[in-house]
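Biologist: Hi! Could you walk me through this one, starting with whatever term I need to follow the strand talk?
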Amino acid sequence: MRNKQLFYVVILSWLLASHAGYAATTLVAVASNFTKPMQEIATAFEKTTGHSANLSFGASGKFVAQLENGAPFEVFLSADDKNPKKLEQDGFAVPGTQFTYALGKLVLWSATPGLVDDQGAILGKGGFKHLALADPKLAPYGVAAVELLQNQGLYDKLQPLMVQGENIAQTQQFISTGNAELGFLALSQVIDNGKIASGSGWIVPTGKHKPILQDAILLKTGAENPAATAFLKFLKSPEAIVIIRKYGYDLADK
Amino acid sequence: MLTAADITTLWLTLRVAAISTVLMLLLGTPIAWWLAHTQSRWKGICNALVALPLVLPPSVLGFYLLILMGPRGPIGQLTTELGLGTLPFTFSGLVVASVLYSIPFVVQPLQTAFAAIGNHPLEAAATLRASPLDSFFSVVMPLARPGFLTATILGFAHTIGEFGVVLMVGGNIPGKTRVVSVQIYNHVEALEYEQAHLLAGGLLVFSFSVLLLMYTILKTSPVAHPFK
């Protein structure tokens, strides 16, 4: 009898002890292009800190609209630097917490092997019916694609062939189902082990368009949550940076 | 004020809805007639198939259409063989998607109307030596007029309100596939709330007026029982 009581006490204290670090959960809104690295970072974050992160993926602009109308996200990883700035100005984010977590890389990609050459010359040559890109009004990768085409003097010629995804993930759907022969994506969507995993692609050299600054910010809803602040700290850690680079992103010079 | 781009999307939406409604009536009338009269054991399955878009998420329909109508899908290969190219990102593709998505709104009221008429008026017409086609046009059509009105209005209005399927197979091309619901979504995402309000408010007033017209002037019953 005594032994049994002791047993329960031990079990109970062990259960309590495992919660001693006050493991908390934070709700993170993430731009679609960062889906793959984010999933890996979240797993590492949970392993390292004991906290956990619940992830929602979508278009950055949509998240801003939702956040300004009471969405419960605590951390926001945008695909650009303007959306976080706007949230701070409008009083929804904690001032001074914005930083660039990654520099985006644009890729011209096709599901068909050999279609896209490594100089992107196919853009000038043509021979395709649809060129997919993310809506430049909503998505930074769409803006970068338009800048590239304008710099090469191809925009007016290719404009009639353009089909637009609502975000970069939907753009990938159009291309991977073959409905658009090729299109502009984030490198992270098609990269595996440092190279383009399937189909064919041209990694657009930086400098052909304005840099894609991807910024994160702490939202006011998360200011008191230790998991939210820990998450942003973890995003800057060497462990996270290795994952970010692995998916083809650059990092801003400090 | 409405921008030129907004007006383009409105005009395009009206065209998609008008063409789809005509096609749905042409296609839906024989289907509804058959469903209202058949004793076939396939009736249950066919009723279920027709009603499927009512309960399926548009993302399911959009996903399958994107794959089936794409260059590697069976429909895509067929349309390519026929020299039509693939349907996603085209106006015709939108019409096909809209017809599939909204057809229960046309078939069900018609089916109810045909079932309510029953066989007696037709038998009477037959004894007067009217051909089946003649009796359909001169007996059934006038009697089923409220059913046709409801089917037309609901089919048209529902196509105007379509969003998910169009978003998935349309490709958001101004003047070709960017309909008003997608335009509203884009305005909201781009934080252009003023533009969004104009279009969204307009659609709200339109939809309410259509239903009001149906329930007050045409006195349609809001509850239909098509599968009795």
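Modeller: Happy to. Two strands count as paired if DSSP finds at least two bridges between them. Keep in mind that this is a predicted model.

Biologist: Good, so give me an example. In S12(A), what is the bridge partner of A:Leu77?

Modeller: A:Leu77 is bridged to A:Ala216 in S12(A). The strand on the other side of that pairing is S3 (residues 75-77) of chain A, and S3(A) and S12(A) run antiparallel with three bridges between them.

Biologist: And how many bridges are there between S4 and S12 of chain A?

Modeller: Five, again in the antiparallel sense, with S4 covering residues 99-104. A:Thr100 has A:Asp215 as its bridge partner in S12(A), and A:Phe99 has A:Ala216.

Biologist: What is the strand order in that sheet?

Modeller: The order is S2-S1-S3-S12-S4 in chain A, an open sheet of five strands with mixed pairing. S2 (52-58) and S4 of chain A have a single partner strand each, so they stand at the edges with one side lacking a neighbour in the sheet. On average, neighbouring strands here are turned by 20° against each other, ignoring direction.

Biologist: Back to S12 for a second. How many of its residues are buried?

Modeller: Six of the seven residues in S12(A), which spans 212-218, are buried, so the strand is largely enclosed by the rest of the structure.

Biologist: Nice. What about the sheet with S7 in it, which strands are at its edges?

Modeller: That one is also an open sheet of five strands with mixed pairing, ordered S7-S6-S8-S5-S11 in chain A. Its edge strands are S7 (162-165) and S11 (200-203) of chain A, each pairing on one side only. The twist from one strand to the next averages 30°.

Biologist: S6 and S7 of chain A: parallel or antiparallel?

Modeller: Parallel, with four bridges joining S6(A), residues 131-134, to S7(A). For a landmark, find A:Ala132, which stands opposite A:Val163 in S7(A).

Biologist: Which helix lies across those strands?

Modeller: That's H8 (residues 168-176) of chain A, which lies across S5 (106-110), S6, S7 and S8 (182-186) of chain A. H8(A) runs at about 150° to S8(A).

Biologist: Can you zoom out and give me chain A in a few numbers?

Modeller: Sure. Chain A has 11 helices and 12 strands, and 45% of its 254 residues count as buried. Its C-alpha atoms fill a box of roughly 85 × 40 × 35 Å along the principal axes. Among chain A contacts between residues at least 6 apart in sequence, 79% join residues at least 24 apart.

Biologist: Changing topic: how many residues does each chain put into the contact?

Modeller: There are 17 residues from chain A and 17 residues from chain B. On the chain A side, H3 (60-67), S7 and H8 of chain A are the elements giving two or more residues. H3(A) gives the most, with four residues. By class, that side of chain A has six nonpolar, seven polar and four charged residues.

Biologist: Now chain B. At what angle do H1 and H8 of chain B cross?

Modeller: The axes of H1(B), residues 4-37, and H8(B), residues 145-160, cross at roughly 140° and come within 9 Å. H1(B) and H8(B) are therefore oblique to each other, and the crossing is right-handed.

Biologist: Which residues of those two helices meet?

Modeller: From H1(B), they include B:Val16, B:Ser20, B:Met24 and B:Gly28. From H8(B), they include B:Ala151, B:Gly155, B:Phe156 and B:Ile160. By class, the contact of H1(B) with H8(B) has seven nonpolar, seven polar and no charged residues.

Biologist: One last thing, about B:Phe136. Where is B:Phe136 placed?

Modeller: B:Phe136 is in H7 (residues 132-143) of chain B. With 17 C-beta neighbours inside 10 Å, B:Phe136 counts as partly exposed. The C-alpha atoms of B:Phe136 and B:Leu122 are separated by 7.9 Å, and those two residues are 14 residues apart along the chain.

Biologist: Great, thanks!

Key: Residues are numbered from 1 along each chain as its sequence is written. Chains are lettered from A and ligands numbered from 1 in the order in which they are written. This is a predicted model: local features need pLDDT of at least 70, side-chain atom pairs count only at pLDDT 80 or more; totals for chains, interfaces and linings use all residues. Axes are lines fitted to C-alpha atoms, for helices over the stretch in contact, and angles run from 0 to 180 degrees between N-to-C directions. Two residues are in contact if their C-beta atoms, placed from the backbone, lie within 7 Å. Ala, Val, Leu, Ile, Met, Phe, Trp, Tyr, Cys and Pro count as nonpolar, Asp, Glu, Lys and Arg as charged, and the others, Gly among them, as polar. A residue is buried if 20 or more other C-beta atoms lie within 10 Å of its own, exposed if 12 or fewer, and partly exposed in between; C-beta atoms are placed from the backbone. Angles under 35 degrees count as roughly parallel, over 145 as roughly antiparallel, 65 to 115 as roughly perpendicular and the rest as oblique. A crossing is left-handed if the near helix is turned anticlockwise from the far one by less than a right angle, and right-handed if clockwise.
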